[in-house]
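I opened my notebook to work through one structure slowly, writing down each thing as I looked it up.

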Amino acid sequence: IADRREGIGVCGWILISLSFLLVLITFPISIWACIKVIREYERAVVFRLGHILSKKAKGPGLVLILPCTDTFIRVDLRTVTCNIPPQEILTKDAITTQVDGVVYYRIHSAVSAVANVTDVHLATFLLAQTTLRNVLGTQSLAQLLAGCEEVAHSIQAVLNSATEQWGIKVARVEIKDVRIPVAMQRAMAAEAEAAREARAKIVAAEGERNASKALKQASVVLAESPAGLQLRYLQTLTTLAAENNSTIVFPLPINMLESFRQKNTGG
């Protein structure tokens, strides 16, 4: 109370006393002009002779406003959606992109939002645009495309530190869309296709190597057991016959042909 008396001075207290007297004289008509209803999601910052009353916001509920000496400003505490328009950004690897986003914030200190900045919503909107450009300018295109969530957290941290004195709390930042030039899209598509083809060739080569190793092991096993080779041959014929084929090829061993040729030569 002593601090407030020193702030408004003797003349101020005289004006406040006259205002109270005016309310009492015109009661009950004046009560309709003095009582204001503040909603649950609102707060009222009351100024009395230019000074913030009690250094804190009033509400929710009924607030008494003295005529001629008091003014008040309503402050909405609900979450505000700030849509950032597309921004031209030059990434760290010198690629021009267009990025847009959305910022969700709310006012947690009504007094700071009124006393420390002229238009808190416009200031937050402009700061969000510049912060988006500054943060994304330090990222490469690959980091931007792969780590949108980490970039959004970085932007949120920068905004929270800058808007704390304005009574703003940034709840969430989202990167909506990243637009890159058409020529860059084609180059990235060609690069991805070449990478896929290279991986496919590597997989095919690995398969051929594994198949050759398996065939080598099978040949060793069949060489040790001639009956196994005959069984494998019969199994192959069974598989061919099950597919309703009209032609069946019977392989003949080379050594059998050699024996027939020797007999003909001897005869």
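The entries below go from the sheet to the helices that lie across it and then to the core. I keep in mind throughout that this is a predicted model.

Entry 1, the sheet. I looked up the strand order and found an open sheet of 3 strands, S6-S7-S8, with antiparallel pairing. S6 and S8 stand at the edges with a single partner strand each, so one side of each has no neighbour in the sheet. On average, neighbouring strands here are turned by 20 degrees against each other, direction ignored. Between S7 and S8 I noted 10 bridges, and I noted too that Gln98 has Arg179 in S8 as its bridge partner.

Entry 2, the helices. H4 lies across S6, S7 and S8 and runs at about 35 degrees to S6, while H6 lies across S7 and S8 and runs at about 145 degrees to S8.

Entry 3, the core. Which residues of the largest nonpolar core touch the most other members? Among its 35 residues, these are Val99, Val103, Leu132 and Ile155. Several elements supply at least two residues each, including strand S7 (96-107), helix H6 (148-163) and strand S8 (168-179), and H4 gives the most, with 6 residues. Following Val103 beyond its neighbours within four places in sequence, I found contacts that include Ile84, Ala128, Leu159 and Val173. Another core, of 6 residues, lies apart from the largest one and has Ile38 and Leu53 among its members.

Entry 4, one residue of H6. Is Asn160, in helix H6, buried or exposed? Its relative accessibility is 16%, and because buried means under 20%, Asn160 counts as buried. Leaving out residues up to four places away in sequence, Asn160 touches Lys169 and Val170.

Definitions and conventions
Residues numbered from 1 in each chain as written. Predicted model: local features only at pLDDT ≥ 70, side-chain atom pairs only at ≥ 80, totals over all residues. Heavy atoms only, no water. Core = buried A, V, L, I, M, F, W, Y, C linked by side-chain atoms within 4.5 Å. Buried < 20%, exposed > 50% of the residue type's maximum accessible area, 1.4 Å probe, protein only. Helix = DSSP H or I, 4+ residues; strand = E, 2+ residues; numbered from the N terminus. Contact = heavy atoms within 4.5 Å. Pairing = 2+ DSSP bridges. Axes fitted to C-alpha atoms, helices over the stretch in contact; angles between N-to-C directions.
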